[in-house]
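Okay everyone, thanks for coming. I'd like to walk you through a structure that's new to most of you, so have a look at it first.

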Amino acid sequence: MNPALGWPYWLRLLLAASLGIVAACGLAPLGFWPAALVALILLTPLYLNSETSRRAALLGWVFATGYFAHALNWIIEPFMVDAERHAWMAPFALIFLSGGLALFWALAFGVAKRIGGSPIVQGMLLALTLSLAEFARGYILTGFPWAGIAQVWVDTPFAQLLSLIGPYGLGALTLIATLPLGAAISSDRSPRGLGMPIFVAAGCAVLALAYAANRPSVEYTDHIVRLIQPNAPQHQKWDPEYAPLFFARQLEFTVAEPRPDLIVWPETSVPAWLGSAQPYLSAIGEAAQGTPVFLGIQRADGRQIYNSMIYLNGDGQQAGLYDKHHLAPFGEYVPFGELMARFGIHGMAATTGSGFSAGPGAALMDAGGLGKALPLICYEAVFTQDVLSAPGRADFLLQITNDAWFGPRSGPYQHLAQAQMRAIEQGLPMLRSANTGVSAMIDPLGRITDALALGQAGFIDAELPQSQAATIYSRIGDKPVFFLLLAAWALLWRHTRRFNGQIPIDPT
């Protein structure tokens with residue numbers, strides 16, 4: 001029997017919001033994945049007890065708003081860097097971002113409820129519809145897949161499924177294993193009613209563990225990579241009194257012995273525009289003593305400005321350039337920026353016009369004897385489609401980032417978790433240099449082999465793992481999973497319509 005039967009509507013909404021907050025405990029830095037599973041299972045009785053599709057949609061919106069508000073609470077941190085200008089926007093950013101992302105879930109709840117069916121069928125329909133909604137959240141309007149359901153598995157064996165079905169596939173399996181089970185538990189405790197959902201959930205777990213146990217072992221190259229972490233707080237990073245100190249700190253780390261085979265500086269680590277940065281680049285080349293260096297820098301091309309990464313070869317000469325192409329909205333650019341600038345609204349990382357311009361797209365950079373690097377600047381590591389769009393297969397992934405924007409709490413750890421996911425998906429090591437941390441060497445199975453703690457200045461010399469064979473997911477991408485989910489949804493919808501004689505229509 002449904003335990004939520006007869007409960008007041010306001011109480012069901014309150015419980016849904018609370019369950020959303022609990023579900024987010026599965027994400028980094030807490031990483032308590034059972035909380036996410038239990039929250040999804042307990043959500044189902046509340047959904048089944050929604051009398052109309054409109055009430056179901058509101059319930060889904062409330063749950064998702066609680067989930068995203070907890071998961072994305074770090075979003076207030078960038079507004080505190082220049083509090084006098086931006087602090088007033090912080091609560092609005094959290095509320096509107098959480099509530100806006102929750103609209104995808106609200107639509108899924110409403111659509112699934114409108115189709116109807118038996119409780120277990122409704123649970124399965126909701127799982128499939130939510131999975132398709134997550135695809136939409138990751139792609140529509142440049143996408144924002146942060147806090148996807150699959151992220152709760154990042155430090156578990158289940159994460160290895162990313163190499164097979166990607167983040168949307170793993171998220172879908174999680175929903176399929178929990179929501180129908182919650183429906184069965186709340187509506188029919190007979191063995192017949194519980195049998196299929198339990199079999200599906202247990203089957204998913206067994207197959208995932210078996211797949212993880214048979215993943216290839218990681219081997220290592222004989223190359224040592226130095227990852228630099230200057231720990232420059234964002235409010236001091238560009239301050240004329242502090243910027244030279246942070247630059248000198250990075251030079252000190254660069255010149256340290258013994259010599260590595262590659263050095264990586266973080267995003268925007270040079271306190272000058274590329275066009276006038278030659279004295280800085282010369283100093284870096286001298287400190288590197290013949291070791292190639294990747295580093296982040298800003299550059300201008302006429303009226304356009306770019307967030308860029310350059311490669312200095314062993315002679316200290318620029319031998320590669322990459323411009324970030326997936327920009328953070330309202331951080332690096334503002335839609336209708338020239339108009340918004342008239343009202344004093346700018347991207348927080350750029351204070352003129354519409355902000356940074358987007359580069360031409362994903363590219364490979366030659367890293368000399370270490371092979372080809374796929375550069376990712378900060379936000380780009382969140383998007384699996386940015387990695388999939390590379391023009392060829394890299395030997396390693398290279399992320400430079402300035403997570404000082406994300407504050408000292410959950411944001412940097414969630415960003416790191418997504419970098420781990422990209423490594424698993426591709427079967428490639430990830431080199432990650434972060435201004436304030438967490439800088440890390442990540443192997444092709446997503447394991448952190450060496451790291452520098454958040455908020456610590458220093459460097460690590462880490463051995464570079466070898467790349468593995470291209471994973472199934474890196475070859476097929478997201479389309480097969482999307483169309484498989486869409487086909488399953490259509491078949492279940494058709495089955496429900498045939499069983500009921502027509503598409504159920506409720507009062508809304």
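**A walk through the model**

Let's start with Arg 299, which counts as buried because its relative accessible area is 14%, and the cut-off for buried is under 20%. Before I go further, keep in mind that this is a predicted model.

So what does the side chain of Arg 299 meet in a salt bridge? It's Asp 323, with 2.7 Å from N to O. These two come from distant parts of the chain: Arg 299 sits in strand β3, residues 293-301, while Asp 323 belongs to strand β5, residues 318-323, and their positions lie 24 residues apart in the count. Asp 323 is buried too, at 9% relative accessible area. As a bit of background, side chains of opposite charge can pair when their charged atoms come close. Searching the whole structure turns up 10 salt bridges. There's also a network of them, linking Arg 12, Glu 51 and Arg 55.

Now on to the sheet. In what order do the 6 strands of the open sheet run? The order is β6-β7-β8-β9-β10-β11, and the pairing is mixed. At the edges you find β6, residues 365-366, and β11, residues 448-452; each has a single partner strand, so one side of each has no neighbour in the sheet.

Lying against this sheet is helix α15, residues 410-426, which touches β8 (396-401), β9, β10 and β11. The direction of α15 makes about 160° with that of β9.

Let me zoom in on β10, residues 439-442, and what's beside it. With β9, residues 430-434, strand β10 pairs in the antiparallel sense over 3 bridges. If you want to find those pairings on screen, look for Met 430, whose bridge partner is Ile 442, and Leu 431, whose partner is Met 441. The hairpin joining β9 and β10 has 4 residues between the strands, and Gly 437 there takes a positive phi near 105°.

On the other pairing, β10 and β11 are antiparallel as well, over 4 bridges. Here Ser 439 stands opposite Leu 452 in β11. This second hairpin has 5 residues between the strands, and this time Gly 446 is the one with a positive phi, near 80°.

Which way do the side chains of β10 point? Ser 439 and Met 441 go one way, Ala 440 and Ile 442 go the other way, and all are buried. That fits the general picture, since in a regular strand the side chains alternate between the two faces of the sheet.

Just past that strand there's another charged pair. Asp 443 forms a salt bridge with Arg 447, with the closest N and O atoms 2.8 Å apart. Buried or exposed, what are the two partners? Asp 443 is buried, with a relative accessible area of 1%, whereas Arg 447 is partly exposed at 46%.

Back to helix α15 for a moment, and to Gln 420, which lies in it. Gln 420 counts as buried, at 4% relative accessibility. Leaving out residues up to four places away in sequence, Gln 420 touches Val 154, Asp 155, Ile 442, Gly 446 and Ile 448. You'll recognise Gly 446 there from the hairpin of β10 and β11. And Asp 155 is 265 residues away from Gln 420 along the chain, yet their C-alpha atoms are separated by 8.8 Å.

The same helix holds a salt bridge of its own, between the side chains of Glu 425 and Arg 422, at 2.7 Å from N to O. They're 3 residues apart in α15, so about one helical turn separates them. Glu 425 is buried, at 1% relative accessible area, and so is Arg 422, at 3%.

Two last stops, in other helices. Ser 131 lies in helix α7, residues 119-139, and at 2% relative accessibility it counts as buried. Setting aside residues up to four places away in sequence, Ser 131 touches Ala 172, Leu 175 and Leu 485.

Then go to the surface, where Trp 88, Phe 92, Ile 95 and Phe 96 form a nonpolar patch with about 520 Å² of accessible area together. Phe 92 lies in helix α6, residues 90-115, and is partly exposed, with a relative accessible area of 46%.

That's the tour, thanks for listening.

Notes:
Residues numbered from 1 in each chain as written. Predicted model: local features only at pLDDT ≥ 70, side-chain atom pairs only at ≥ 80, totals over all residues. Heavy atoms only, no water. Pairing = 2+ DSSP bridges. Contact = heavy atoms within 4.5 Å. Axes fitted to C-alpha atoms, helices over the stretch in contact; angles between N-to-C directions. Patch = residues over 30% accessible without salt bridge, like charges linked within 9 Å, V, L, I, M, F, W, Y side chains within 5 Å. Areas by Shrake-Rupley, 256 points an atom, 1.4 Å probe, with all protein chains shown as cover. Salt bridge = Lys/Arg side-chain N within 4 Å of Asp/Glu carboxyl O. Buried < 20%, exposed > 50% of the residue type's maximum accessible area, 1.4 Å probe, protein only.
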